[in-house]
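Hi there,

Here is the structure I promised to pass on to you. Have a look at it first, and then read my notes below.

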Amino acid sequence: MYVLKMKRGWVFQHDNDPKYTARATKEWLRKKHFKVLEWPSQSPDLNPIENLWRELKVHVAQQQPQNITVLEEICMEEWAKIPATLIL
């Protein structure tokens, strides 16, 4: 098991994915005295990289790669095509 060596004052932030809201997870965080940021269910993802992953996924899926080599090539090509304005 990986243990984070964080000093006090940190607050965990995660979405409401079931693996994070499971009773066992909540109990573990509580026992370890971790603060967890309250997060509304089904909230929009505020992490910008998630939007880029979705953009890449849509463009790659349209090309229907047939093997891992082609998938990698398409991913690299499509990633390079994402405009910087989408990132800003």
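**What I found**

His-33 is exposed, with a relative accessible area of 66%. You will find His-33 in the loop that joins helix H2 (23-31) to strand E2 (35-36). Its backbone caught my eye too: although His-33 is not a glycine, its phi is positive, at about 60°.

Before going further, please keep in mind that this is a predicted model. The mean pLDDT over the chain is 83, and 84% of the residues score at least 70. Broken down by element, helix H1 (residues 18-21) has the lowest mean pLDDT, 77, while H4 has the highest, 95.

**The overall layout**

The chain holds five helices and two strands. Following the sequence, their order is β-α-α-β-α-α-α. Of the 88 residues in the chain, 9% are buried. The exposed surface of the chain comes to about 8200 Å², and 58% of that is supplied by carbon and sulfur atoms. As for contacts with a separation of 6 or more, 45% of them are between residues 24 or more positions apart.

One pair far apart in sequence is Arg-8 and Phe-34: 26 residues separate them along the chain, yet their C-alpha atoms are 8.8 Å apart in space. Arg-8 belongs to the segment before strand E1 (11-12). Is Arg-8 buried or exposed? Its relative accessible area is 81%, and the cut-off for exposed is over 50%, so Arg-8 counts as exposed.

**Helix H3 and its two sides**

H3 (48-63) is the helix I would look at next. Its 16 residues should span 22 Å at 1.5 Å a residue, and the C-alpha atoms at its ends are 24 Å apart, which agrees.

Which residues of H3 are buried? They are Leu-52, Leu-56 and Val-60. These three cover an arc of only 65° around the axis, so they sit on the same side of H3. The other side of H3 carries the exposed residues Arg-54, Lys-57 and Gln-62. What do the buried residues of H3 pack against? Their partners are H4 and helix H5 (84-87).

**From H3 into H4**

Just after H3 comes Gln-64, with a positive phi of about 50°. Gln-64 is in the loop between H3 and H4, and like His-33 above, it is a residue other than glycine. Where does Gln-64 stand in terms of exposure? With a relative accessible area of 57%, above the 50% that exposed requires, Gln-64 is exposed.

At the start of H4, a side-chain oxygen of Asn-67 comes to within 3.0 Å of the backbone nitrogen of Thr-69. H4 itself covers residues 68-81, 14 residues in total. From first C-alpha to last, H4 reaches 20 Å, close to the 20 Å expected at 1.5 Å a residue.

**Where to start**

If you open the model with a few minutes to spare, I would begin with H3, where Leu-52, Leu-56 and Val-60 are buried and Arg-54, Lys-57 and Gln-62 are exposed on the other side. After that, take a look at the two positive phi values, about 60° at His-33 and near 50° at Gln-64.

Happy to talk it through whenever suits you.

Best wishes

Key: Residues are numbered from 1 along each chain as its sequence is written. This is a predicted model: local features need pLDDT of at least 70, side-chain atom pairs count only at pLDDT 80 or more; totals for chains, interfaces and linings use all residues. Side-chain values use heavy atoms; hydrogens and water are left out. Helices (H or I, at least four residues) and strands (E, at least two) are DSSP runs, numbered from the N terminus. The expected span of a helix is 1.5 Å times one less than its number of residues. A polar contact is a pair of N or O atoms within 3.5 Å; within protein, one must be able to donate a hydrogen and the other to accept it, and residues adjacent in sequence count only if both atoms are side-chain atoms. pLDDT is the predictor's confidence in each residue, from 0 to 100. Buried means under 20% relative accessible area, exposed over 50%, partly exposed in between (1.4 Å probe, protein chains only). Contact means heavy atoms within 4.5 Å. Accessible areas come from the Shrake-Rupley method with a 1.4 Å probe; for residues, only the protein chains shown count as cover. The arc is that of the directions from the helix axis to the C-beta atoms.
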